[in-house]
Amino acid sequence: WHAGQTSPATKVNTMLSLPDWPAWALNTFIGLAAFTSCIGLLQMVRDSRDQTAGNSSGEEKPSGSTLPAFRAFQRQYLTVYAIIMMADWFQGTNMYTLYMSYGVNISALFLTGFLSGAIFAGPIGIYIDKYGRRLSCIVYLVLEIIINICEHFNSFAILWTSRVLGGVSTCILFTGFESWMVAEHRKRGFPTSWVADTFSKASFINGLSAIVAGILAQVAADYLGQIGPFQVAIGLSSFALCFVVSWPENYGNGSDGDDSCTKEAAWRLVTTDRKAFLLGSVHALFEGSMYSFIFMWVPTMLAALKGSSLPTGLVFASMMTCISLGGLLFSPSMLLSFAKAEHVGVGCFLVGALALLGPVFCDQAAAVLGSYLVFETCVGIFNPCGGVLRSKVIPDNLQGSVMNMFRIPLNSLVVVGTLLADFYPARFVFAIISVWMLIGACCQVAVINALAKDEGKEN
């Protein structure tokens, strides 16, 4: 070989060599993975023991003659859910660093995405219910392919367009798929209480998908550059599309309904049903805090490391392991065997608020990372918790409309958090987010009281 050229053997050895990841990041991930595996084994033991003893404490566990059909339905939904969430996480791991490498205004792009979500949330919810949940899922996947193609171009105009589309697709992601699942669950005659099992498994799979995405995104970024994870996301979105096209369609108020009727029905529910209003507020406060945290965690960790390298994919995988841990903890054989979902939600808010105070009072990398891990565990618990409560309160025909209605305040909170990060220190912003979480805890207590009052009337 000529001087200065690299032989093929050397290139192969370089590709096969283990990445040079910091020991603290690798050990954190391995330790969390081992602990989560132990909790998973404990859950299996408790499930097996309860089935043998015939215990029925807490939420009802799936059983009986319809169980095989229910499991088949779960596989149909969760297979797609795992793929789409992995594709979404592939983008999330490296979006901040990709934009940093482009040298563009990161805050402006993030703000564009959240403002887009706030602006289009209302009409998107109506169209999801009116024209079909399956169709909305297909539209989401097509948009994701277009968005990830746009990310290849170092052009602010194209990236801005991708963020506008990203706001639209995010609204569909977190309402269209859930609305389809809940409506299909009831249409097939499965007990309403069994939906908790699906939400619990979805939260665990979400975390597991994110773990895999975090590790593979780190590898893709190491070998293909910051754009590598987005290229993988294109393939995953295309793969999920192959499954979704075969789903049966379901609607809200019906495909022949008037848009204004759907909007009026959703607005009437929110303004007359205290439970629906409180649940929407709780959802907006928790996810608004979560998305503000997502924008903050990378720069805050970089500052805490004081110049040391940050393996974003590996740290991300550790945080997502905690989401899987939260999904396991929420299952009917774990936390739900001791407390109702609405009570678990209060704990998520309180513990999450305390965790986010970590970066307020300490700038050591270990303490900051520890607070992140605790908060993400709360996220893993609250995601299925919120889904269960929404399925109890919000009618099938208005799922998409009502859920998207509250994405307007949700995205508004994130815009506020992002703007605060531009003008104030990170400690101040985390303190504000903690206050939002405490307000959410108060709203969740109000949800408990409203549900108890309705149960009292029924009795």
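**Cysteines and helices, questioned**

Colleague: What makes C362 partly exposed rather than buried or exposed?
Modeller: In this predicted model, C362 has a relative accessible area of 23%. Buried needs under 20% and exposed needs over 50%, so a value in between counts as partly exposed.

Colleague: And why is C322 called buried?
Modeller: Its relative accessible area is 2%. The cut-off is under 20%, so C322 is buried.

Colleague: How do you know that C322 isn't in a disulfide?
Modeller: Look for the closest cysteine sulfur: that one sits in C378, 9.7 Å away. A disulfide calls for sulfur atoms within 2.5 Å, so the gap is too far for a bond.

Colleague: How many disulfides turn up in the whole structure?
Modeller: The search comes back with 0.

Colleague: On to helices. What makes α3 and α5 roughly parallel?
Modeller: Helix α3 (residues 67-102) packs against helix α5 (residues 133-150) at about 25°, with the axes 12 Å apart. Angles under 35 degrees count as roughly parallel, so the pair earns the label. The crossing of α3 past α5 is left-handed.

Colleague: Which residues meet there?
Modeller: From α3 you have I84, D88 and Q91; from α5, Y140, L141, E144, I147 and N148.

Colleague: How do you know that the length of α13 agrees with what a helix should span?
Modeller: Helix α13 covers residues 341-356, which is 16 residues. At 1.5 Å a residue it should span 22 Å, and its end C-alpha atoms are 22 Å apart, so the two agree.

Colleague: Which of its residues are buried?
Modeller: Among the buried residues of α13 are V344, V346, C348, F349 and L356.

Notes. Residues are numbered from 1 along each chain as its sequence is written. This is a predicted model: local features need pLDDT of at least 70, side-chain atom pairs count only at pLDDT 80 or more; totals for chains, interfaces and linings use all residues. Side-chain values use heavy atoms; hydrogens and water are left out. Helices (H or I, at least four residues) and strands (E, at least two) are DSSP runs, numbered from the N terminus. The expected span of a helix is 1.5 Å times one less than its number of residues. Buried means under 20% relative accessible area, exposed over 50%, partly exposed in between (1.4 Å probe, protein chains only). Axes are lines fitted to C-alpha atoms, for helices over the stretch in contact, and angles run from 0 to 180 degrees between N-to-C directions. Angles under 35 degrees count as roughly parallel, over 145 as roughly antiparallel, 65 to 115 as roughly perpendicular and the rest as oblique. A crossing is left-handed if the near helix is turned anticlockwise from the far one by less than a right angle, and right-handed if clockwise. Contact means heavy atoms within 4.5 Å.
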